[in-house]
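Visitor: Could you take me through one spot in this model in some detail? I'd like to start from a single residue and then work outwards to the fold around it.

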Amino acid sequence: MRPRPLFWVAGSRRDLVRFPDRVRSVFGFALFRAQCGARHVDAKPLKGFGGASVVEVCADHDGDAFRAVYTVRFAEAVYVLHAFQKKSKSGIATPRAEMELIESRLRLAGEMHARWLAQRGEKR
């Protein structure tokens, strides 16, 4: 099986490359698994998006928590929506501001996907 294309939404790639090497390695492998139609052991559906199409990968490094969020909502490609270091030390919930950013980037991914399909001469 050929891996699906991977697209970075807004500043998600810029943010991810700033993470420690070990964290980038975990996220890179998780994204490759998603491209191949599989799920990394540390990946789970992100609550609040009604299903398993928005996925969060968690990695810890030196006491810091890192997150990468991607969507597999579109059968033809994987879109990385957000990558961030979780600053909150209380609770495991994703902060509201991060959730709002993910929601807006999910809409942007939908627009990007429609344009990509149009360039390829496909319709959705």
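Guide: Let's start with L106, which counts as buried because its relative accessibility is 9%, under the 20% cut-off. Bear in mind that we're looking at a predicted model.

L106 sits in helix α3. Setting aside neighbours within four places in sequence, L106 is in contact with F49, V54, T71, R73 and L81. Three of those names are easy to place on strands: V54 falls in β3, which covers 54–61, T71 falls in β4, which covers 64–71, and L81 belongs to β5, made of residues 78–86. For a reference point elsewhere in the chain, take F29: its C-alpha atom is 21 Å from that of L106, with the two positions 77 residues apart along the chain.

Now zoom out to the helix itself. Helix α3 spans residues 96–119 and packs on the sheet, where it touches β1, β3, β4 and β5. Its direction makes about 160° with that of β5. Helix α2, residues 21–35, also lies across β1, β3, β4 and β5, and it runs at about 155° to β3.

The sheet under discussion is open and has five strands, in the order β1-β5-β4-β3-β2, with mixed pairing. At its edges are β1 (6–8) and β2 (43–45), each pairing on one side only. From one strand to the next, the twist averages 30°. If you follow β1 inwards, you come to β5: the two run parallel and are joined by three bridges. One residue to click on there is F7, whose bridge partner in β5 is Y79.

Stepping back once more, the protein chain has three helices and five strands, and from the N terminus they come in the order β-α-α-β-β-β-β-α. The radius of gyration is 14 Å, close to the 14 Å that the globule rule gives for 124 residues, so the chain is as compact as a globular protein of that length. Along the principal axes, the C-alpha atoms fill a box of roughly 45 × 30 × 25 Å.

L106 has company in being buried: buried residues make up 42% of the 124 in the chain. As for contacts, take those with a separation of 6 or more: 55% of them come from residues 24 or more positions apart. The accessible surface, finally, comes to about 7,100 Å², and 52% of that belongs to carbon and sulfur atoms.

Notes:
Residues numbered from 1 in each chain as written. Predicted model: local features only at pLDDT ≥ 70, side-chain atom pairs only at ≥ 80, totals over all residues. Heavy atoms only, no water. Pairing = 2+ DSSP bridges. Helix = DSSP H or I, 4+ residues; strand = E, 2+ residues; numbered from the N terminus. Axes fitted to C-alpha atoms, helices over the stretch in contact; angles between N-to-C directions. Contact = heavy atoms within 4.5 Å. Buried < 20%, exposed > 50% of the residue type's maximum accessible area, 1.4 Å probe, protein only. Rg over C-alpha atoms; globule rule 2.2 N^0.38 Å. Areas by Shrake-Rupley, 256 points an atom, 1.4 Å probe, with all protein chains shown as cover.
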